[in-house]
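Visitor: Hey, could you walk me through this one? I'd like to start with how helices pass one another.

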Amino acid sequence: MGSTKRLEELIKEYLLSSLGVLLTALGLVIFLIPHNIAAGGASGLAIVLNKLLPLSVGIWMYIVNAVLFLVAFLIIGFDFSFKTIYCTFLLNFLIDLFDRIVPIYKYHGEEVILAVFFGDILTAIGMAIAFSQNASTGGTDIIAKILNKFFGAPFGLSILFIDFAIGISAGLVYNIDTGLYSILAIIVNGTTIDFVLKGLELSVNVWIISDKHEEIKNFVTSELERGCTVFEAKGGYTNKERIALLVVLKRRELHELVNAIRRIDPRAFFLVNEARQVYGEGFKEII
């Protein structure tokens with residue numbers, strides 16, 4: 001039973017990761033690549049290299065990621081999940097497919113800011129969906145890992161500097177406007193990913209104190225199918241022995257719990273806190 005449930009979760013993770021990669025590829029091919037907007041990552045580096053040696057962006061991405069994975073393997077060992085490798089080369093394939101093999105509509109309008117905006121929205125939503133499933137699309141993450149291992153450089157800061165370097169490079173090989181739009185795209189992309197991830201991943205922890213704690217606990221475990229931790233507590237004002245329940249939920253499940261508490265014990269006291277990252281069964285796995 002456990003293995004079947006894990007298989008279902010794994011299939012769901014790969015389907016959602018694939019959807020995220022598809023959205024990312026569409027944002028790049030339709031909006032960013034036609035205007036040479038190098039918004040960081042392997043795709044941004046491929047756009048810069050495309051100007052120097054006119055291979056398609058998809059082909060350059062294959063080359064860049066293959067070299068980066070090889071270098072990472074030789075220097076820091078095999079430190080990447082299969083899901084990351086899968087998403088990295090699926091993104092390569094989809095970009096190459098939509099850009100060169102089965103061309104789709106591309107926005108060539110004069111308003112480059114629209115390309116930056118809509119391209120960033122699509123790619124950020126796609127990347128956030130992939131990140132929420134513990135997946136990554138490789139690229140500059142690999143360089144950041146190497147810098148972190150040998151120089152102790154903070155991982156997030158390394159990615160930011162690498163992406164900015166790619167944006168500046170676009171300004172050098174194309175023109176200053178392209179470089180500035182690329183840097184703008186990097187900033188907007190990072191901000192949008194954080195915003196979307198907060199909505200996708202945000203969980204809450206709920207502390208509940210109620211005389212009808214047993215009924216509430218049963219609702220949590222049987223109806224919501226969530227775990228519940230029971231603590232013995234003592235009221236500071238009344239000195240009365242009480243039971244406190246700790247429940248961790250996805251934010252979308254909170255409404256059901258609040259309604260159940262209201263129905264079971266309208267006099268219950270409960271406290272809700274945001275939990276940005278939750279690891280363990282029913283949430284993100286530590287991998």
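Guide: Sure, and one term up front: a crossing is left-handed if the near helix is turned anticlockwise from the far one by less than a right angle, and right-handed if clockwise. Keep in mind that this is a predicted model.

Visitor: OK, so which way does α9 pass α10?

Guide: α9 passes α10 in a right-handed crossing. Here α9 covers residues 213-223 and α10 covers residues 254-264, and their axes come within 10 Å and cross at roughly 150°.

Visitor: How are α9 and α10 oriented to each other, then?

Guide: Angles over 145 degrees count as roughly antiparallel, and α9 and α10 are therefore roughly antiparallel to each other.

Visitor: And α2 with α7, is that crossing left-handed or right-handed?

Guide: Left-handed, for α2 and α7. Their axes are 9 Å apart and the packing angle is about 20°, so α2 and α7 run roughly parallel to each other.

Visitor: What about α6 and α7, what angle do they cross at?

Guide: Roughly 130°, with the axes of α6 and α7 coming within 9 Å. That makes α6 oblique to α7. The crossing of α6 past α7 is right-handed.

Visitor: Let me switch to confidence. Where is it lowest in the chain, and where is it highest?

Guide: The low end is helix α6, residues 140-151, at a mean pLDDT of 77, while helix α2, residues 41-52, is highest at 95. For the chain, the mean pLDDT is 87, and 95% of the residues reach 70 or more. As a general caution, where pLDDT is low, the predicted coordinates should not be read in detail.

Visitor: Zooming out, how many helices and strands does the chain have?

Guide: There are 10 helices and four strands. In sequence order the pattern goes α-α-α-α-α-α-α-α-β-α-β-β-α-β. The C-alpha trace spans about 75 × 45 × 35 Å along its principal axes.

Visitor: Now pockets. How much space is in the second largest one?

Guide: About 690 Å³ lies in the second largest pocket. It is lined by 32 residues, and those closest to its centre are M127, I159, D163, N189 and I193.

Visitor: Which helix gives the largest share of that lining?

Guide: α8 does, with seven residues. At least two lining residues each come from α1 (2-32), α2, α5 (112-132), α6, α7 (155-173) and α8 (176-201).

Visitor: And how does the lining divide into nonpolar, polar and charged?

Guide: The lining of the second largest pocket has 15 nonpolar residues, 14 polar and three charged.

Technical notes. Residues numbered from 1 in each chain as written. Predicted model: local features only at pLDDT ≥ 70, side-chain atom pairs only at ≥ 80, totals over all residues. Heavy atoms only, no water. pLDDT = per-residue confidence, 0-100. 1 Å grid on protein atoms, 1.4 Å probe; cavity = no way out; pocket = protein on both sides within 12 Å on 5 of 7 lines; lining within 4 Å. Points joined across faces, edges and corners; volume = space filled by probe spheres on them. Nonpolar A, V, L, I, M, F, W, Y, C, P; charged D, E, K, R; others polar. Axes fitted to C-alpha atoms, helices over the stretch in contact; angles between N-to-C directions. Parallel < 35°, antiparallel > 145°, perpendicular 65-115°, else oblique.
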